[in-house]
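Q: Could you take me through one part of this model at close range? I would like to know what surrounds a single residue, and then what any enclosed space is lined with.

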Amino acid sequence: MRLATALDNEESKEIRKWLEQYIFPNDFLEDNFFNTSTVLYSVDLNNHLTLFHSVVHNLKPAKFSPEDLNESLLEGCRMFGINEGCNYFNVNVHDNISRVIESIGTYSLKRQDKTSILFPLYYLLTENTAGEGGTSYTGLIGKDKEWMLSIEFENEIIFKVHGHEEFCNFVKKILLQNKET
């Protein structure tokens, strides 16, 4: 089963440079590229004793599945005529002082295997976290850099979609409307 492909070429170098310049210019996520960002989900984990405790007793679970999130991004791209191709990234800020872009690879929103939807993102946030209590980020970047999904994980979890305002609002609407019916 092919889950994701790491990039090790000029495209990877270009994405790394773009991330450093526009998205993580001072170590932490500071979106200096997109017009807007919209929070799709956030939960504060500070009130829990352990990660296990937060998973079991989280009073605010996400109202969407990985499949729902993947599909809403795909529908947003199709609605606005945006290239559906994308790459994933993983950035750790070790000790909350040292940013390291750990990996960049290709990702397909049109995946057929439901078990691997958003796999590299969720896997990287649990298996390749920042050391010494630092912040970890992962996400997807559209091939033409017209949109981005970011997931931040430390003492809270925040899912955001970045892009132009209409795209962000559409993705959020599609994502949440499926759960309100």
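A: Happy to; here is a walk around serine 136, followed by a look at the cavity. Please keep in mind that this is a predicted model.

Let's begin with the residue itself. Serine 136 sits in strand E5, which covers residues 135-142. Its relative accessible area is 1%, so serine 136 counts as buried, the cut-off being under 20%.

Now for its polar partners. The side chain of serine 136 makes a polar contact of 2.7 Å with the side chain of asparagine 92. A polar atom of the serine 136 side chain also lies 2.8 Å from the backbone nitrogen of alanine 130. Both partners return in the list of residues that serine 136 touches, leaving aside those up to four places away in sequence: Val91, Asn92, Leu125, Asn128, Thr129, Ala130, Ile151, Glu152 and Phe153.

Glu152 leads us nicely to the enclosed space, since this residue also appears in the lining of the largest cavity, together with Leu29, Tyr137, Ser150, Ile158 and Lys160. Two strands each give two or more residues to that lining: strand E6 (148-153) and strand E7 (156-163). By character, the lining residues are three nonpolar, one polar and two charged. As for volume, the largest cavity comes to about 30 Å³, and the count of cavities of 30 Å³ or more is one.

To tie the two parts together, Glu152 is among the residues that serine 136 touches, and Glu152 is also one of those lining the largest cavity.

Terms used
Residues numbered from 1 in each chain as written. Predicted model: local features only at pLDDT ≥ 70, side-chain atom pairs only at ≥ 80, totals over all residues. Heavy atoms only, no water. Helix = DSSP H or I, 4+ residues; strand = E, 2+ residues; numbered from the N terminus. Buried < 20%, exposed > 50% of the residue type's maximum accessible area, 1.4 Å probe, protein only. Polar contact = N/O pair within 3.5 Å; in protein donor to acceptor, adjacent residues only side chain to side chain. Contact = heavy atoms within 4.5 Å. 1 Å grid on protein atoms, 1.4 Å probe; cavity = no way out; pocket = protein on both sides within 12 Å on 5 of 7 lines; lining within 4 Å. Points joined across faces, edges and corners; volume = space filled by probe spheres on them. Nonpolar A, V, L, I, M, F, W, Y, C, P; charged D, E, K, R; others polar.
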